[in-house]
Amino acid sequence: MPLLFISYKRGTSAVGGIKARIERAGYRTWFDRDEIHLGDPDWRARIDTGLERCDGLILMLTAAAAASEPVQYEVAQALKREEPIFPLVLEHLDDWGAALTQVGLTPSQHAEDFTDVAQWDAQIERLLRDLVKQGLRVT
């Protein structure tokens, strides 16, 4: 079963709801709040282990995430490993291309608009179809 790394900036309220829907569809997720624990001697090593195990990265894109050094690092590592990256825009951004570039992607990278919660069902369905098209099928 594919493992999807959830990359986001803490404090982003929409992350939990999207993560739960991905998990209900049968995907496993790597999520820092579940995998990094108080007392872990090296949180970066835990992230590296998660990135090494993942089959794809779900980028929860906000202005704060684009400016976040840990998010930029996670995207860079996924790119280095040639893992598929699925950017989901969670808040209004004046310039999606600039935010994608800031996080380390090309401005032409396709991203899905998740700013309207009322549209999440359709958007999650599209994400699930796109995961399968990238070879990330739940079995």
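## Salt bridges and the α1–α7 contact

Nine salt bridges are counted in this predicted model. Three of these pairs are described below, followed by the packing of the two helices that one of them connects.

| Salt bridge | Closest N and O atoms |
|---|---|
| Arg21 – Asp121 | 2.6 Å |
| Arg81 – Glu83 | 3.0 Å |
| Asp130 – Arg126 | 3.6 Å |

**Arg21 and Asp121.** The salt bridge between Arg21 and Asp121 has its closest N and O atoms 2.6 Å apart. It joins distant parts of the chain, since Arg21 belongs to helix α1 (residues 15-24) and Asp121 to helix α7 (residues 120-133), with the two positions 100 residues apart. Arg21 has a relative accessible area of 24% and is therefore partly exposed. Asp121, at 52%, is exposed, because the exposed class covers values over 50%.

**Arg81 and Glu83.** In the pair formed by Arg81 and Glu83, the closest N and O atoms lie 3.0 Å apart. Arg81 is partly exposed, with a relative accessible area of 36%. Glu83, in contrast, has a relative accessible area of 17% and is buried, because the buried class covers values under 20%.

**Asp130 and Arg126.** The salt bridge of Asp130 with Arg126 has a closest N and O separation of 3.6 Å. Both residues lie in helix α7, and because they are four residues apart, about one helical turn separates them. Asp130 is partly exposed at 23% relative accessibility, and Arg126 is likewise partly exposed at 33%. Elsewhere, Lys19, Glu23 and Asp34 are joined into one network by salt bridges that share partners.

**Packing of α1 against α7.** The helices that carry Arg21 and Asp121 also meet through further residues. The axes of α1 and α7 come within 11 Å of each other and cross at roughly 50°. The arrangement of α1 relative to α7 is therefore oblique, because this angle lies between the limit of 35 degrees for roughly parallel axes and the 65 degrees at which roughly perpendicular ones begin. The crossing of the two helices, α1 and α7, is right-handed.

On the α1 side, the contact comprises Gly17, Ile18, Arg21 and Ile22, and these meet Trp120, Asp121, Ile124 and Leu127 of α7. By residue class, the contact of α1 with α7 consists of five nonpolar residues, one polar residue and two charged residues. Arg21 and Asp121 thus appear in the list of contacting residues and also form a salt bridge with each other.

Key. Residues numbered from 1 in each chain as written. Predicted model: local features only at pLDDT ≥ 70, side-chain atom pairs only at ≥ 80, totals over all residues. Heavy atoms only, no water. Salt bridge = Lys/Arg side-chain N within 4 Å of Asp/Glu carboxyl O. Buried < 20%, exposed > 50% of the residue type's maximum accessible area, 1.4 Å probe, protein only. Axes fitted to C-alpha atoms, helices over the stretch in contact; angles between N-to-C directions. Parallel < 35°, antiparallel > 145°, perpendicular 65-115°, else oblique. Left-handed = near helix turned anticlockwise from the far one by under 90°. Contact = heavy atoms within 4.5 Å. Nonpolar A, V, L, I, M, F, W, Y, C, P; charged D, E, K, R; others polar.
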